[in-house]
Amino acid sequence: MTVLIDTTELPVAERVDAVYTAMVEAVAPCYVIHEAPAHTLHTRVEEWQLGGARVLRTSSSGFRLLRTPKQSRKSMSPMIALSVQTRAAGRHVQYAAEQLVPPGGLMIADLSAPYDFSWSGAGGAATLQVPIDQLGVPVDVIRRAMTRLPASPVYNLVIEHVRRITAEAALLSDDAGALELGSASIELARALLVSAGRSGASGRPVLAEILLTRVREYVRARLTDPDLSPESVAAAHNISVRYLYKICAQAGFSLEQWVIGERLRGARDELADPAAATRTVAVIARRWGFSDPTHFGRRFRAAYGVTPSAWRSRAGDER
């Protein structure tokens, strides 16, 4: 666990700046506007990592987080937050839609885009953050889902899941199954988005959704396999390549682009790993399915805003 901020341990004069720094780290670059004067301000934010997912537990006096269009142009990995209000009602405005989220309610925010979020009085939230590139869901589906969440049959299941993993995050994050739990949380988030954000009335058959989840789990376990291909994936699930592409298309999901994104993420993590310090960038690129180091470098920079070498150097400096 990492405590990003606990104002009870800080002098009054340092609290406003400390909360700003913590919120930028926990959420995204934004303005933090407090309802209470500094001497009554209180904020505590705790963080845990579950594989590719991040869990946050927040309690605070009233505040407002305002992310402007200018701030949203600053480079950051696209991320969504599934947040359950545990105390006080939250107000969320994004993409010209306003939502009032009561205690026990769930909202989704696109953290890389402009937004306006606030609550009044003593409030709290349990939050699951997921990189958008791990969801394989188009942004337009995410936007539609934001205002339709209660209509999804998995809405209450997701609320309970987020509440439970946040309440027990200290135990779960140290468990041997933390990585798998993070993957399962991402798939559950994806199911909610697809269910709430579908444009048609009937949606896709449940069996197709289950099959696609199995496909994604299968591929994640074999990202470094040089023989991984649509043909091998289809054969492993006893379906045709044509049907594989069909269920992906119905979900608004590009299998090839998702695999590239997952491989880039794997390469990024390996570049930052001290145990891989003696491996060259080219060796790591090949291990993750990129035979051309130049192509890998372009893809990496487009995804993360820096070159692979600069990323590795930055990770070393932070250590």
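This tour moves from the whole chain to selected residues and helix pairs.

**Conventions**

The model is predicted, so local features need pLDDT of at least 70, side-chain atom pairs count only at pLDDT 80 or more, and totals for chains, interfaces and linings use all residues. Residues are numbered from 1 along each chain as its sequence is written, and side-chain values use heavy atoms, with hydrogens and water left out.

**Stop 1: the whole protein**

Display the full chain as a cartoon. The protein has 13 helices and 11 strands; these elements are DSSP runs numbered from the N terminus, with helices being H or I of at least four residues and strands being E of at least two. The radius of gyration is 20 Å, close to the 20 Å that the globule rule gives for 319 residues, so the protein is as compact as a globular protein of that length. That radius is taken over C-alpha atoms, and the globule rule is 2.2 Å times the number of residues to the power 0.38. Along the principal axes, the C-alpha atoms fill a box of roughly 60 × 50 × 40 Å.

Colour next by accessibility. Of the 319 residues, 49% are buried, where buried means under 20% relative accessible area, exposed means over 50%, and partly exposed lies in between (1.4 Å probe, protein chains only). Among contacts (heavy atoms within 4.5 Å) between residues at least 6 apart in sequence, 72% join residues at least 24 apart.

**Stop 2: the loop between S7 and S8**

Select residues 95 and 96. Tyrosine 95 is in the loop between strand S7 (90–94) and strand S8 (97–101), and alanine 96 is in the loop between S7 and S8 as well. Most residues other than glycine have a negative phi. Tyrosine 95, however, has a positive phi near 50°, and alanine 96 has a positive phi of about 65°. Tyrosine 95 counts as partly exposed, at 31% relative accessibility, whereas alanine 96 is exposed at 85%.

**Stop 3: phenylalanine 117**

Select phenylalanine 117 in strand S10 (residues 115–119). With a relative accessibility of 10%, phenylalanine 117 counts as buried. Which residues does phenylalanine 117 touch, not counting residues up to four places away in sequence? They are Phe63, Arg64, Leu65, Gln85, Gly90, Arg91, His92 and Met107. A distance label from the C-alpha atom of phenylalanine 117 to that of glutamate 98, 19 residues apart along the chain, should read 9.7 Å.

**Stop 4: leucine 135**

Move to leucine 135, in the loop between strand S11 (123–131) and helix H3 (139–146). Its relative accessible area is 0%, and leucine 135 is therefore buried. Leaving aside neighbours within four places in sequence, leucine 135 is in contact with Ile80, Val130, Ile186, Ala189, Arg190, Leu193 and Arg216. The C-alpha atom of leucine 135 is separated by 9.9 Å from that of methionine 79, with their positions 56 residues apart along the chain.

**Stop 5: H3 against H6**

Show H3 together with H6 (residues 178–197). The axes of H3 and H6 come within 8 Å and cross at roughly 75°. Such axes are lines fitted to C-alpha atoms, for helices over the stretch in contact, and angles run from 0 to 180 degrees between N-to-C directions. H3 and H6 are therefore roughly perpendicular to each other; angles under 35 degrees count as roughly parallel, over 145 as roughly antiparallel, 65 to 115 as roughly perpendicular and the rest as oblique. The contact joins Val141, Ile142, Arg144 and Ala145 of H3 to Leu193, Val194, Ala196 and Gly197 of H6.

**Stop 6: H4 against H6**

Keep H6 and add H4 (residues 155–167). The axes of H4 and H6 come within 10 Å and cross at roughly 150°, and the two helices are therefore roughly antiparallel. Select Tyr155, Leu157, Val158, His161 and Ile165 in H4, which meet Leu181, Ser185, Leu188 and Leu192 in H6.

**Stop 7: H10 against H12**

Finish with H10 (residues 255–271) and H12 (residues 293–304), which pack at about 90° with their axes 10 Å apart. H10 and H12 are therefore roughly perpendicular to each other. On the H10 side, select Gln257, Ile260, Gly261, Leu264, Arg265, Ala267, Arg268 and Leu271; these meet Phe296, Arg299, Phe300, Ala303 and Tyr304 in H12.
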